[in-house]
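Trainee: Could you take me through this chain, please?

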Amino acid sequence: MFAGEWAFLSAAGSTASLPHALGLEVAFAGRSNVGKSSLINALTGRKALARTSNTPGRTQELIFFAGARPLVLVDLPGYGYAAAAKSKVTEWTRLIHDYLYGRPSLGRVYVLIDSRHGLKITDAAILDTLGKAAVSHQLVLTKCDQVAVGALAEIVEATKAAIQKRPAAFPELIVTSSRTGTGIPRVRAAIARLVRERTHEVT
């Protein structure tokens, strides 16, 4: 599923510009600079499919990538910080909210958490939204290669404890590093399993 060709499909800065659904959409959410684009590149085996940047808030639209049907990957604007006016950030927040609540083709959202920092208040807000919207979601720790083993273990346990308090969240936590490839096969397998389940439901 991930070994085939992947390409940029569309960019949407408003609900009106969202593309017509071409298949099952899997979205990636997280604080700015958490590594969403890097994870998408690692999953697809591409170095520059999704644009990466050292500047937080670079992704300012919903970016859609098409690969082997029926799967579409969606890079959501980062939250928590952006080098833009507050009015613009408010627009992004509203766009994400509307997308999460009103996109029938959305199969799951992977909420990325930086292993160096753990869950923050801004993460709680998106998790609350996902729970209320009844959207399937799963937490993924990123950049695990940048954290000492002991500190990483503490972050993992704290995150697992937080998941248990959110019954709408998928119970399995995936620990990843886009640089070393740690956990990438697990994310691919989880997405492939989701596609199989949803395709079977449709058929």
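Mentor: What follows covers the fold, the cores and one helix.
Mentor: This is a predicted model, in which local features need pLDDT of at least 70, side-chain atom pairs count only at pLDDT 80 or more, and totals for chains, interfaces and linings use all residues. Residues are numbered from 1 along each chain as its sequence is written, and side-chain values use heavy atoms, without hydrogens and water.

Trainee: How many helices and strands are there in the chain?
Mentor: The chain has five helices and seven strands; helices (H or I, at least four residues) and strands (E, at least two) are DSSP runs numbered from the N terminus.

Trainee: And which residues touch the most other members in the largest nonpolar core?
Mentor: They are Leu62, Leu76, Tyr99, Leu100, Val109 and Val111, in a core of 33 residues. Such a core is a set of buried Ala, Val, Leu, Ile, Met, Phe, Trp, Tyr and Cys residues joined through side-chain atoms within 4.5 Å. Buried means under 20% relative accessible area, exposed over 50%, and partly exposed in between (1.4 Å probe, protein chains only). A second, separate core of 26 residues includes Phe28, Ile40, Ile174 and Leu194.

Trainee: Now helix 4: which residues are buried there?
Mentor: Leu152, Ile155, Val156, Thr159 and Ile163 are buried in helix 4. They lie on the same side of helix 4, because they cover an arc of only 105° around the axis, taken from the directions from the helix axis to the C-beta atoms.

Trainee: What do they pack against?
Mentor: The buried residues of helix 4 pack against strand 6 and strand 7 (174–175). The face turned away from that buried side carries the exposed residues Glu154, Glu157 and Gln164.

How values were computed
Contact = heavy atoms within 4.5 Å.
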